[in-house]
Amino acid sequence: MYDIMIIGGGPAAVSAALTAINRGKTVAVAANRPETTNLYKAELVTNYPGFTGTGPEMQDCFRRQLIESGAELIEGRALNAMPLGKSIGVAVGSEFYECKAVIICTGISRSPMCEGETEFLGRGVSYCATCDGMLYRGKTVAVIGDGEECERDAEFLRGIGCSVLCFPGKSKIEIKGQTKADTLIVGGTEYKTDCIFILTDKVTSTSLVPGMETEKGVIKVDRKMRTNIPGVFAAGDCTGAPYQVAKAAGEGCIAALSACEYIKK
């Protein structure tokens with residue numbers, strides 16, 4: 001029986017774990033290997049206070065902090081979390097754990113929408129214009145997607161001096177390059193680009209807890225990161241935009257404080 005179990009291994013999860021450990025709580029973190037995360041594929045992180053470096057460097061630092069904190073790291077994929085009355089059961093692979101509160105920090109996942117997307121992710125393909133846009137100031141970029149969020153990101157890129165090519169998410173698309181993506185093929189026409197931003201709808205692990213409320217594909221939380229299920233909290237990209245490391249870390253801290261308060265009561 002742990003006080004708090006955290007599902008995920010990114011900035012939200014690590015922030016939540018460190019906060020909970022500092023409040024004297026027993027913590028377990030169920031996470032996949034760092035190299036499976038989207039952060040690990042980031043070319044360069046320049047918008048997080050106190051750190052400038054690559055995605056792998058940041059993710060490795062997070063994992064080292066997590067291990068040194070005293071939290072128990074359980075490597076594997078959490079399949080579901082089930083309220084059991086006074087506790088919550090969490091299945092990780094073939095193992096089963098119990099805790100008093102759960103914090104979901106699963107990030108976002110998606111199925112590749114075109115050939116070359118996965119191969120060049122972090123090498124000329126990005127899922128976040130506000131994260132990586134500054135790396136391509138004054139250069140030619142492509143934006144693939146639909147909706148208001150996509151339009152706002154395209155306008156942001158124009159505002160920092162990018163020449164922006166926009167294509168709907170339902171286009172037939174192929175991405176090519178050598179060591180880095182530099183060619184976007186849309187409907188048989190080739191476009192030379194410095195970066196391709198794929199901004200289609202994101203999918204989260206919203207089915208982890210039966211009955212948990214979601215909204216537009218993300219987990220619905222209040223300002224204390226509480227879901228509608230008592231004892232279940234969520235933080236980071238799985239709660240929606242903006243998809244930034246700083247936002248995820250902040251929400252992780254709030255979720256841990258709320259979980260500690262819940263356990264005390």
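Helices (H or I, at least four residues) and strands (E, at least two) are taken here as DSSP runs, numbered from the N terminus. Counted that way, the chain has five helices and 18 strands. What you're looking at is a predicted model, so local features need pLDDT of at least 70 and side-chain atom pairs count only at pLDDT 80 or more, while totals for chains, interfaces and linings use all residues. Residues are numbered from 1 along each chain as its sequence is written, and side-chain values use heavy atoms, with hydrogens and water left out.

Let's start with the overall build. The C-alpha trace spans about 60 × 35 × 35 Å along its principal axes. For 265 residues, a compact globule would have a radius of gyration near 18 Å, and the 19 Å of this chain agrees with that. (That radius is taken over C-alpha atoms, and the globule rule is 2.2 Å times the number of residues to the power 0.38.) Of the 265 residues, 50% count as buried, where buried means under 20% relative accessible area, exposed means over 50%, and partly exposed is in between, using a 1.4 Å probe and protein chains only. A contact here means heavy atoms within 4.5 Å. Among contacts with a separation of 6 or more, 58% come from residues 24 or more positions apart.

Now for strand E8 (95-104), a good place to get your bearings. Two strands pair if DSSP finds at least two bridges between them. E8 runs parallel to E1, joined by five bridges, and Ile4 has Ala101 in E8 as its bridge partner. Strand E7 (residues 88-92) pairs with E8 too, in the antiparallel sense and again over five bridges; there, Ile88 stands opposite Cys99. E7 and E8 make a hairpin with two residues between them, and Gly93 in the turn has a positive phi of about 60°. E8 also runs parallel to E18 through three bridges, with Ile104 opposite Ala234. As a general point, side chains in a regular strand alternate between the two faces of the sheet.

Next, the interior. A nonpolar core is a set of buried Ala, Val, Leu, Ile, Met, Phe, Trp, Tyr and Cys residues joined through side-chain atoms within 4.5 Å. The largest one has 31 residues, and those with the most contacts inside it are Ile4, Ile6, Val27, Val29, Met58, Ile103 and Cys105. Two or more residues each come from strand E1 (2-7), helix H1 (11-22), strand E2 (27-31), H2, E8 and H5. Another core lies apart from it, with 23 residues that include Met5, Ile74, Val90 and Leu208. Take a look at Val29 as well: leaving aside neighbours within four places in sequence, Val29 is in contact with Ile6, Gly8, Ala17, Leu66, Ala71, Glu72, Leu73 and Ile74.

Helix H2 (residues 55-69) includes Ser69. The side chain of Ser69 reaches the backbone oxygen of Leu66 at 2.6 Å. With neighbours within four places in sequence set aside, Ser69 is in contact with Leu18 and Ile21.

Further along the chain there's an open sheet of three strands, ordered E12-E13-E14 with antiparallel pairing. Strands E12 (173-177) and E14 (189-192) stand at the edges with a single partner strand each, so one side of each is left without a neighbour in the sheet. E12 and strand E13 (residues 181-186) run antiparallel and are joined by five bridges. In that pairing, Gly177 stands opposite Ala181.

Finally, a few loop residues deserve a look. Most residues other than glycine have a negative phi, and most peptide bonds are trans. Met225, in the loop between strand E17 (218-219) and E18, has a positive phi near 65°. At 4% relative accessibility, Met225 counts as buried. Gly231 is in the loop between E17 and E18 and is buried, with a relative accessible area of 3%. Apart from neighbours within four places in sequence, Gly231 is in contact with Ile88, Ala101, Val102 and Tyr262. The C-alpha atoms of Gly231 and Ala20 are separated by 14 Å, though the two residues are 211 apart along the chain. Beyond E18, a cis peptide bond joins Ala241 and Pro242, with omega about 0°; Pro242 is found in the loop between strand E18 (232-234) and helix H5 (245-264).

Terms used:
A polar contact is a pair of N or O atoms within 3.5 Å; within protein, one must be able to donate a hydrogen and the other to accept it, and residues adjacent in sequence count only if both atoms are side-chain atoms.
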